[in-house]
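Q: Please take a close look at one helix–helix contact between the two chains, and describe how it sits in its surroundings.

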Amino acid sequence: MATTFSLVCVLLAVAPLFLIFFYTLFQGISAINLDFFLQMPKPVGETGGGMANALAGTGILIGLGALFGLPIGIMSGIYLAEYGNNPFASTVRFLSDVLSGVPSIVVGVVAYIIVVLPMKHFSALAGGVALGILMIPTVTRTTEEMIRLVPHYYREAGLALGIPQWKTTLRIILPTALKGITTGILLALARAAGETAPLLFTALGNRFWSTSIGQPIASLTVFIFDYAKAPFEDWNRQAWAAALVLIALIFLLNLIFRVVTRGRYTER
Amino acid sequence: MQIAVKAVGHELGGVLTSSTPPAVSSGRASKASRWNVGDMVFKNLTLLFALIVFSLVFLMGYEMYKGSELSIQKFGLSFLTGTTWDPVRDEYGALPFVFGTIVSSMLALIVAVPLSVGVAVFLSELAPGWVERPLSYLVELLAAIPSIVYGLWGVFVLVPWIRTTVEPFLSKSAGFLPIFKGAPYGFGMLAAGLILAIMILPIITSISRDVLKAIPNLQREAALALGATTWEKTKVVLASARSGILGATLLGLGRAVGETMAVTMVIGNRPEISFSVFDPGHSMASVIANEFTEATSDMYVSALIEIALVLFVVTIILNALARLVVWSVTRTYKAG
């Protein structure tokens, strides 16, 4: 009886994944074409066109986010792994976990207050700040975990040779953990690429080509949001294409992360 | 082992040759002190960044408090109990949104918790390793799908299905209940609750599984030795894992409360309090997403920021509680 019940649960739980994945695949593949990647959005009512500006925009937003989020995440990850056996470090770990539970829309509001209000207009910069804050917990956690996976005799060997601890960390431990940290970071970036809520009133969106970080900028996710609500079939079609691009990116990076970290575990 | 040592030796060679010659040739004492300086600088540098992470949560809370001062001063506590949300007259009461958030999250929990626990039991108690690993991975993938894609799928697949199948069925079979009254719109609380259930299922499942796995085998063996069936054994294990599953549920609730895009797209976005799950509603996160860019007056912006502040505080409390509960449970069993 327990077996039947939990089997039914498994089926019900996994069903949505397949439904969503295959529906997006089906709708997306029939909608995606070269124009989607190369063309600009067409004015309302005209069919065709693409999301070239949104692809570039999402890229720029992620780049900006990485610029803010990665140094903070990586360095505090190193701190937690190397010097993290004290109450302060436990608090940081705890707060970082709590931060990862803060809704992304709230992070968007904070970015609005600290960037958009002083600048008096929406900008790619504000979107980047929001995405950067969202990346920090994931990057911190991954960096710490990947460093901790490095076998302790690597460190002992370095220290035994009289190499100072910071050099051991930078030249031996980090290079060894690099593969895991890099894929973890890519995963965080992919997750940031899928964020919509924190961009709505920071980066705003833009139907034209813009690469300036002081101006509103387009992004794939905000386009999906706008196009899904629109009563034009062609726009709905393009929303699915954008969703497919996002899901493909995220699943691919997830898979790479899996493969790389599995290698780590068996090495130990 | 042999290979690992060789690899270390190789990497050390690289380190040694690339370090600057003067450092190597200088005297023993000065070398040692320079190394200590390097250690100190590096440690404090990383500490500085850790301090940023530490202060971020407090900074966020402070900025939002400052941003919502206008509305806090004008409305006080009645902000949370007021039912009028009227930007034209600059009057803001957030109860419809609070109500929507609570109802949609509760619906999500009602659907997701039993399912998640079922899956977690399957993963930790019943499935052999070759089934467990890929299945855990699939469930985790579900967590990786962006909210906006859930929303898109919700709008074009889930909502039509609810409108044509679920709601007519419910009103026919249980229409006498006030929660199943009204016309089947599709967009509404029910759709929001269901999409949220799908979205919080992975986190509740994976944490419940971890908690179940942390329970020592001794308990299972004891149950089996007393002649318990698999079902009875599972009950014993679940009873020990109760508080851990509560923690997982709290974490799921935290997610559901703050979830924005998918909810905004299917909940109907109408600030009304209705007791039928068929009716459109609104949630705290979705009102921020919908109205922030349109907010023209300072009071309007301030009121929306106050909603964000409330969300922030609620999710932090839920997360902190959940982490403490899960942490204490796994710790107890690891120690014992």
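A: In this predicted model, helix α1 of chain A, written α1(A), and helix α6 of chain B, written α6(B), pass each other in a left-handed crossing. The angle between α1(A) and α6(B) is about 115°, and their axes lie 8 Å apart. On the chain A side, α1(A) brings A:A2, A:T3, A:F5, A:S6, A:L7, A:C9, A:V10, A:L12 and A:A13 to the contact. Facing them from α6(B) are B:L115, B:G118, B:V119, B:V121, B:F122 and B:L126. By class, the residues of this contact are twelve nonpolar and three polar, with no charged residue.

The crossing belongs to a wider interface, in which 75 residues of chain A are in contact with 72 residues of chain B. Helix α1(A), residues 2–31, gives the most to the side of chain A that touches chain B, with 15 residues. That side of chain A comprises 56 nonpolar, 15 polar and four charged residues.

Elsewhere in chain A, helix α6(A) covers residues 124–149. Of the 26 residues of α6(A), 23 are buried, so the helix is mostly covered, where buried means 20 or more other C-beta atoms within 10 Å of a residue's own. A kink of about 35° lies in α6(A) at A:M135, shortly before the proline A:P137. The end C-alpha atoms of α6(A) are 37 Å apart, which agrees with the 38 Å that its 26 residues should span at 1.5 Å a residue.

Key:
Residues are numbered from 1 along each chain as its sequence is written. Chains are lettered from A and ligands numbered from 1 in the order in which they are written. This is a predicted model: local features need pLDDT of at least 70, side-chain atom pairs count only at pLDDT 80 or more; totals for chains, interfaces and linings use all residues. Two residues are in contact if their C-beta atoms, placed from the backbone, lie within 7 Å. Helices (H or I, at least four residues) and strands (E, at least two) are DSSP runs, numbered from the N terminus. Ala, Val, Leu, Ile, Met, Phe, Trp, Tyr, Cys and Pro count as nonpolar, Asp, Glu, Lys and Arg as charged, and the others, Gly among them, as polar. Axes are lines fitted to C-alpha atoms, for helices over the stretch in contact, and angles run from 0 to 180 degrees between N-to-C directions. A crossing is left-handed if the near helix is turned anticlockwise from the far one by less than a right angle, and right-handed if clockwise. The expected span of a helix is 1.5 Å times one less than its number of residues. The bend at a residue is the angle between axes fitted to the seven residues ending there and the seven starting there. A residue is buried if 20 or more other C-beta atoms lie within 10 Å of its own, exposed if 12 or fewer, and partly exposed in between; C-beta atoms are placed from the backbone.
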